[in-house]
Amino acid sequence: MDSTRTDITILVDNRAGAGLVGEHGLSIWIEADGRHVLFDTGQGPALAFNAAALGADLRQADTLVLSHGHFDHTGGVAHVLKNAGPIDTYCHPGVV
């Protein structure tokens, strides 16, 4: 990837394109400057399927950002932590 390019892919949202799974929640995959950032994880069930379908290799995630602790933004955390290597995680202290 070009170091000046930033790619943003919506992995989970209420609306899904053809061949993807929609669910209430949000997850966004960001690639920039050789970094792979996952912003929120949706409820969980759609994350792995949509990531694979859209070419986002969650094993490459080096940063996880959680906007807040609601289930529709953190439901896929266990999957990410199980499958990613060492990952920096940023969240509000109230996220449990």
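Colleague: How far apart are the mean positions of the positive and negative charges of the protein chain, and what makes a residue count as one or the other?

Modeller: They sit 5 Å apart, for 5 positive and 11 negative charges. Lys and Arg count as positive and Asp and Glu as negative, with His and the chain ends left out. Each charge is placed at NZ of Lys, CZ of Arg, CG of Asp or CD of Glu.

Colleague: What kind of model is this, and what are the ground rules?

Modeller: It's a predicted model: local features need pLDDT of at least 70, side-chain atom pairs count only at pLDDT 80 or more, and totals for chains, interfaces and linings use all residues. Residues are numbered from 1 along each chain as its sequence is written, and side-chain values use heavy atoms, without hydrogens and water.

Colleague: In what order do the elements run, and why is the chain called as compact as a globular protein of that length?

Modeller: From the N terminus on you get β-β-β-α-β-α-α-β. Helices here are DSSP runs of H or I with at least four residues, and strands are E runs of at least two, numbered from the N terminus. As for compactness, the globule rule (2.2 Å times the number of residues to the power 0.38, with the radius taken over C-alpha atoms) gives 12 Å for 96 residues, and the radius of gyration is 12 Å, so the description fits.

Colleague: What makes strand 2 and strand 3 a pair?

Modeller: Pairing takes at least two DSSP bridges, and five join strand 2 (residues 27-32) to strand 3 (residues 35-39), so these antiparallel strands qualify. One of the partnerships is Trp29 with Leu38. Strand 3 also pairs with strand 4 (residues 63-66), this time in the parallel sense over three bridges, and there Phe39 has Val65 as its partner.

Colleague: Why is Asp33 called exposed, and what about its phi?

Modeller: Exposed means over 50% relative accessible area, buried under 20%, partly exposed in between (1.4 Å probe, protein chains only). Asp33 has 56%, so it counts as exposed. Its phi is near 50°, positive in a residue other than glycine. Strand 2 and strand 3 form a hairpin with two residues between them, and Asp33 is in that turn.

Colleague: Is Asp40 buried or exposed?

Modeller: Asp40 has a relative accessible area of 0%, so it is buried. Asp40 lies in the loop between strand 3 and helix 1 (45-53), and its phi is about 65°, positive although it is not a glycine. Most residues other than glycine have a negative phi.
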